[in-house]
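This report introduces one molecular structure to a reader who has not met it before. The sequence and the model are shown first, and the description follows.

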Amino acid sequence: MTALGENGPIVVAGAGPTGALASIYLARQGHDVVVFEARPDMRRGDAGAGRSINLALATRGIVPLVDVGVIDQVDAITIPMRGRMIHVLGATDLALQPYGINPNEVIHSVSRRDLNAILLGAAEATGNVTINFGRQVTAVDFARSVLTIEGPGGETADQPFGTVFGSDGAGSVIRDAVLGANGGSQNAVRLGHDYKELTLPAATSGGFLMDPNALHIWPRGEFMLIALANPGGDFTVTLFAPNEGAGGFEDLQTSDQIARFFNAQFPDFAALVPDLVEQFQANPTGRLATTRVSGWSHRDQAVLIGDAAHAIVPFHGQGMNLGMESVRSLDKHLRANPQNVETAFAAFEKDRKPDAEAIADMALENYVEMRAGVLDPDYVLKRELALELERRHPERVSPRYNMVMFATMPYSMARTRANTQAELLATLTNGKTSIGEVDFQAAAALVSKLDPLPGLDPLARPEGLSIS
Ligand SMILES: Cc1cc2nc3c(=O)[nH]c(=O)nc-3n(C[C@H](O)[C@H](O)[C@H](O)COP(=O)(O)OP(=O)(O)OC[C@H]3O[C@@H](n4cnc5c(N)ncnc54)[C@H](O)[C@@H]3O)c2cc1C
């Protein structure tokens, strides 16, 4: 039985969103923390220059940011998105599918770099966190309690540690060492679809060329394009497509193929991006996978957090939100077991693994919903009915998307409830083509059998972030 820090320095490997957040939580428990981050400091020089890449921040990510006191800084750089703006091929009108019926049911576009920079600044401001940039952990020796650290010139040094927090992302080195030591397992399954990020520029006069307060989707069945606004007026746009076959990345090699594909599939987007082909050829293609890990810790010496423990596909916009929610959970378990780190780590995995599994599954399912479902009249009717039932019975019904994005109930509970609700929606819409045909008396009887929804975490800002 050891307390954290008793056996040597506390090291955090990787200063992405989860590592930076974890170091703040650890510092708040009074610990000194040494962080190693492979990349240069994004806040200095032009390491952070280039494309703006953003992601969607939702309630589960907001809660820990409120908890560690940085939400106002983050709030100032977010752009609210109230729903999905659907770009149907061949249609001139755009259709907004609102996310919810309540003002707080919006998600927030935020720059990865700027969010990470806020967390790094807050970590350093604690006075307990030292961040070593350009230093990569390359090996873990549990017997000697030593990490090998490689510097920018390839030089290596030993770093003694008592406990290492592995927040080194989906390709985690710490994970391999932990699983080698504890006999656990990992199962990484590639999606078979890749992604490429592009930029839709700001208007020449400044401002946005599309509505910034929506998540834009061009659903095309097997593939899709999405776009989220950045404060500078540009949009980060991502193509998700199969890596092989028609409409896949292997068919998008020559300038001609790329131009023809975008002009045919996404003509409104292509018209706004003059250097589309150049961008497509210059920007890397990223791979997508789900990694399920069993054995998140080794004794009191190491624990995995964020993508290192649970990497999921990005279609629910939850990977970082999940990671940050998990870091807060780990903080809770460490505080509950101050004299026994090993017990805290085991309790953390027991608590969070079912939730990581549930959101991993829901994220995969949401890809089909985004690229095809949103165009399916049956899906649209069920979604409309779910929102209407939420309006009539807010204490018992919330659409699945909303239980994931705007609630703080465990993901596993959201999944179970969503499955029950899906059966109810299927029953009520069977043979119907419009919401006017639904029998709301029968609906009320079915809904009354559902358990009341759990309340929101008190830090969840039910009023939402400011709508700037
Ligand atoms: C296309 C795409 C879109 C996404 N959109 C969203 C979204 O909208 N919302 C959302 O919540 N999530 C989204 N995600 C997921 C999100 O990006 C990740 O879940 C999140 O970045 C995980 O944070 P992390 O800190 O665990 O890992 P990372 O962000 O990967 O950070 C790991 C850090 O560790 C460093 N590192 C790596 N190896 C070492 C080492 N050996 N030694 C030292 N340092 C090391 C890296 O340089 C990096 O800084 C998306 C992911 C993708 C691919």
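Which residues of helix α2 are buried? In this predicted model, they are Thr59, Arg60, Gly61, Ile62, Val63, Pro64, Leu65 and Val66.

**Helix α2 and its end**

Helix α2 spans residues 59-67, and because eight of its nine residues are buried, the helix is largely enclosed by the rest of the structure. Asp67 also belongs to helix α2. With a relative accessible area of 23%, Asp67 is partly exposed, because buried residues are those under 20%. Apart from residues up to four places away in sequence, Asp67 touches Tyr25, Arg28, Arg328 and Leu459. With Arg328 there is a polar contact between the two side chains, at 3.1 Å. Thr130, by contrast, is 63 residues from Asp67 along the chain, and the C-alpha atoms of the two are separated by 21 Å. Just after α2, Gly69 has a positive phi of about 85°.

**The surroundings of the ligand**

The ligand has 27 residues around it, and those that come nearest are Glu37, Ala56, Arg112, Asp307 and Asn321. By character, this shell divides into ten nonpolar, eleven polar and six charged residues. Several elements supply at least two residues each: α1 (17-28), β2 (33-37), β3 (54-57), β9 (136-141) and α9 (319-336). The largest share comes from α9, with three residues.

Backbone atoms of the protein also lie close enough to the ligand for polar contacts, as the table lists.

| Residue | Protein atom | Ligand atom | Distance |
|---|---|---|---|
| Ala56 | polar backbone atom | oxygen | 2.7 Å |
| Gly317 | backbone N or O | nitrogen | 3.1 Å |
| Gly319 | backbone N or O | nitrogen | 3.3 Å |

On its own, the ligand has 1,000 Å² of accessible area, and the protein covers 86% of that.

**Two buried strand residues**

His216 is located in strand β14, which covers residues 215-219. Its relative accessibility is 0%, so His216 counts as buried. The side chain of His216 makes a polar contact with the side chain of His87, at 2.8 Å. Beyond residues up to four places away in sequence, His216 touches Met85, His87, Met210, Asp211, Leu225, Ile226, Ala227 and Phe235.

Val293 is located in strand β17, which covers residues 285-294. Its relative accessible area is 1%, and Val293 is therefore buried. When neighbours within four places in sequence are left aside, the residues in contact with Val293 are Arg175, Leu179, Ser185, Gln186, Leu304, Ala308, Ala309, Glu349 and Lys353. Between Val293 and Leu428, which are 135 residues apart in sequence, the C-alpha to C-alpha distance is 39 Å.

**Loop residues**

The loop between β9 and β10 (146-150) holds Arg144. Is Arg144 buried or exposed? Its relative accessibility is 51%, so Arg144 counts as exposed. From Arg144 to Pro160 there are 16 residues in sequence, and the C-alpha atoms are 8.1 Å apart in space.

Ser145 is found in the loop between β9 and β10 as well. Although Ser145 is not a glycine, its phi is positive, at about 55°. Arg299, likewise not a glycine, has a positive phi of about 45°. Arg299 sits in the loop between β18 (297-298) and β19 (302-304).

**Helix α14**

Helix α14 runs over residues 440-447, and its residues Phe440, Ala443 and Val447 are buried. Why do the buried residues of α14 line one face of the helix? Seen down the axis of α14, they fall within an arc of 50°, and therefore they line one face. This agrees with a general rule: an α-helix has 3.6 residues a turn, so residues three or four places apart point the same way. The cover over the buried residues of α14 includes α11 (377-392) and α13 (411-429). At the start of α14, a side-chain oxygen of Asp439 comes to within 3.0 Å of the backbone nitrogen of Gln441.

Technical notes
Residues are numbered from 1 along each chain as its sequence is written. This is a predicted model: local features need pLDDT of at least 70, side-chain atom pairs count only at pLDDT 80 or more; totals for chains, interfaces and linings use all residues. Side-chain values use heavy atoms; hydrogens and water are left out. Buried means under 20% relative accessible area, exposed over 50%, partly exposed in between (1.4 Å probe, protein chains only). Helices (H or I, at least four residues) and strands (E, at least two) are DSSP runs, numbered from the N terminus. The arc is that of the directions from the helix axis to the C-beta atoms. Contact means heavy atoms within 4.5 Å. A polar contact is a pair of N or O atoms within 3.5 Å; within protein, one must be able to donate a hydrogen and the other to accept it, and residues adjacent in sequence count only if both atoms are side-chain atoms. A residue is near a molecule or strand if one of its heavy atoms lies within 4 Å of it. Accessible areas come from the Shrake-Rupley method with a 1.4 Å probe; for residues, only the protein chains shown count as cover. Ala, Val, Leu, Ile, Met, Phe, Trp, Tyr, Cys and Pro count as nonpolar, Asp, Glu, Lys and Arg as charged, and the others, Gly among them, as polar.
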